[in-house]
Amino acid sequence: MANLYTELCIIDSFNQGVGLKNFEGASLALKTNTETESEETDRRLWQHCQDNEYLSDALLCLRCRVSHPIVGKVKQIFNHNRNEYELDLLEILACVLDDCGENFLRIPKNNDEKSLDSIRKPFCWNSLALFPGKKIRPFGAEVIYSFDPSLSNLSTWAKNKVQSNAELKSCLRNSGLLLISKWALIADSSPTRVSQAWMRYGRGSMQLEGVEKLHASYLVEYKIAKQIYKKRTGRNSGWEPDKKFLVSLTPTQTDLKNLVLIDDAIRKYLSGANYGVEEFKDDIPQASSDQNSEFSEELINQILQSLTRTAFKTVSHEINSDRSRWEKDPNRKLAWQLYSEGLGQRDIALRCDHKQGWVSKLLKEKMLAEIIAQESAEELIRRTDFISIRVDPVGLDRMIEQLTIYLTTSKQESGVSLLRQSVATALKQ
């Protein structure tokens, strides 16, 4: 069994996975060579780093410590999505597992985080404070430096930081996978979705009434906190709840536990929900400028009709352009058919005797979904119901993103996504 405080997880390119690098010197900060993982040890080492800001032993222990939940979270994302998206585990790991165990830090010159020129400093707590904008590299050091033990334990903190890492989200987005952070998902979920998710999958001591009240206050305070964050950093992504934010909620929260439980319930609800017209209103931004208004059934049907119509037109054009190649390579037609039936890219590749990259290039799922979402959004914002989004570029982008997600992941009565249904219909023409 690995010692989490003395063995650092590193990328093992040769074996296409993760290896361990042992640091015997890290044990100097431990009470015993066999000291095991615990919240008490994590906090003691974290405090030791700050009290002895020019020493590196305790910090090295924590670098090893956080590398394990970082790997665990990445593998969880990879295993959960590998059958649906063309993902490369090493490419994903490289975004957040970039600590090789070096005893120095490369800090950008001239206080510019985009600068290619850097200076070397010892890998200690004092040096971490020198990074511009607190965008620290390696990522594990950022996890440790930003850690707030009053909000969660170190392992949970590391997993949350992975979930919200901008570079990782960008990498996954290139493969068609939209990774939304806990905090954004809670904010993007309607009261109806949260209530239904909690009734089905909620854990912990909170009653439904308390969850609903907490979510209502979260929506208000999140918007304010994000505006302040963007003004301070110039970035939309990367925001995380702090103590001040938690205190502002109703009821007041002392840590992240209840918010994490709400996020978990929403994700389970979304992964297991059988989507239809009623649930679709949870997957698109509020149309009216009146935040308390609800989507009418007529409006929801109009949205679905627009998506269905645009999807069929776009997919039909793509398939008709490909038909001339089917006689020479029947597997191209087979790939479209298998996709329409709900198979993932990995299984399609096996059935068609091709590599997964060939399937991804042929089907162009992400590109098609984005084109359909863009055209539907442009059509929908002409309606008076969406007048507020028409003049709000951020709202329009979010609408397109949510429509894209719905096209590729939401399940209809047939058990497959709307995009796959459109492929099935187009193949029959």
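A disulfide here is a pair of cysteine sulfur atoms within 2.5 Å. By that rule, this protein has 0 disulfides. Take Cys 9, which is in no disulfide. The nearest cysteine sulfur to Cys 9 belongs to Cys 64, and it is 8.5 Å away.

Some ground rules. This is a predicted model, where local features need pLDDT of at least 70, side-chain atom pairs count only at pLDDT 80 or more, and totals for chains, interfaces and linings use all residues. Residues are numbered from 1 along each chain as its sequence is written, and side-chain values use heavy atoms, with hydrogens and water left out.

Back to the cysteines. Is Cys 9 buried or exposed? Cys 9 counts as buried, at 5% relative accessibility. Buried means under 20% relative accessible area, exposed means over 50%, and partly exposed is in between, with a 1.4 Å probe and protein chains only. Cys 100 is partly exposed, with a relative accessible area of 48%.

Now the overall picture. The protein has 21 helices and 4 strands. Those are DSSP runs, numbered from the N terminus: helices are H or I with at least four residues, strands are E with at least two. Of the 429 residues in the protein, 48% are buried. Next, contacts, meaning heavy atoms within 4.5 Å. Take the contacts with a separation of 6 or more: 63% of them are between residues 24 or more positions apart.

On to the cores. A nonpolar core is a set of buried Ala, Val, Leu, Ile, Met, Phe, Trp, Tyr and Cys residues joined through side-chain atoms within 4.5 Å. How many residues does the largest nonpolar core have? The count is 79. Ile 70, Leu 128, Leu 168, Tyr 218 and Ile 262 have the most contacts inside it. Helix α2, residues 57–81, gives the largest share of this core, with 12 residues. Apart from this core lies another, of 39 residues. Ile 300, Trp 336, Met 399 and Leu 427 are among them.

Look at Ile 262 in the structure. Leave out residues up to four places away in sequence. Ile 262 then touches Ile 186, Val 194, Trp 198, Met 206, Val 211 and Leu 214.

Next, helix packing. Find α2 again, and then helix α6, residues 154–163. Their axes come within 9 Å and cross at roughly 55 degrees. Axes are lines fitted to C-alpha atoms, for helices over the stretch in contact, and angles run from 0 to 180 degrees between N-to-C directions. So α2 and α6 are oblique to each other. On this scale, angles under 35 degrees count as roughly parallel, over 145 as roughly antiparallel, 65 to 115 as roughly perpendicular, and the rest as oblique. The α2 and α6 crossing is right-handed. Right-handed means the near helix is turned clockwise from the far one by less than a right angle; anticlockwise is left-handed.

Who makes that contact? From α2 come Leu 62, Arg 65, Val 66, Pro 69, Ile 70, Lys 73 and Val 74. From α6 come Leu 154, Ser 155, Ala 158, Lys 159, Val 162 and Gln 163.

Pause on Arg 65, which sits in helix α2. Arg 65 counts as buried, at 3% relative accessibility. Not counting residues up to four places away in sequence, Arg 65 touches Leu 4, Tyr 5, Glu 37, Asp 42, Leu 154 and Ser 155. Arg 65 and Ala 158 are 93 residues apart in sequence, and 9.8 Å apart in space, C-alpha to C-alpha.

A second helix pair: helix α15, residues 330–340, and α16. Their axes come within 10 Å and cross at roughly 145 degrees. This crossing of α15 and α16 is right-handed. Asn 331, Leu 334, Ala 335, Leu 338 and Tyr 339 of α15 meet Ile 348, Arg 351 and Cys 352 of α16.

Last, the backbone. Which peptide bond is cis, with omega near 5 degrees? That is the bond from Arg 137 to Pro 138. Pro 138 lies in the loop between α4 (125–128) and α5 (139–146). A cis peptide bond also joins Thr 250 and Pro 251, with omega about -5 degrees. Pro 251 is in the loop between α11 (243–248) and α12 (257–272).

Then positive phi. Asp 353 is not a glycine, yet has a positive phi of about 55 degrees. Asp 353 is in the loop between α16 (345–352) and α17 (356–363). Asp 353 is exposed, with a relative accessible area of 69%. Lys 364 is not a glycine either, and has a positive phi of about 50 degrees. Lys 364 lies in the loop between α17 and α18 (365–380). Lys 364 is partly exposed, at 32% relative accessible area.
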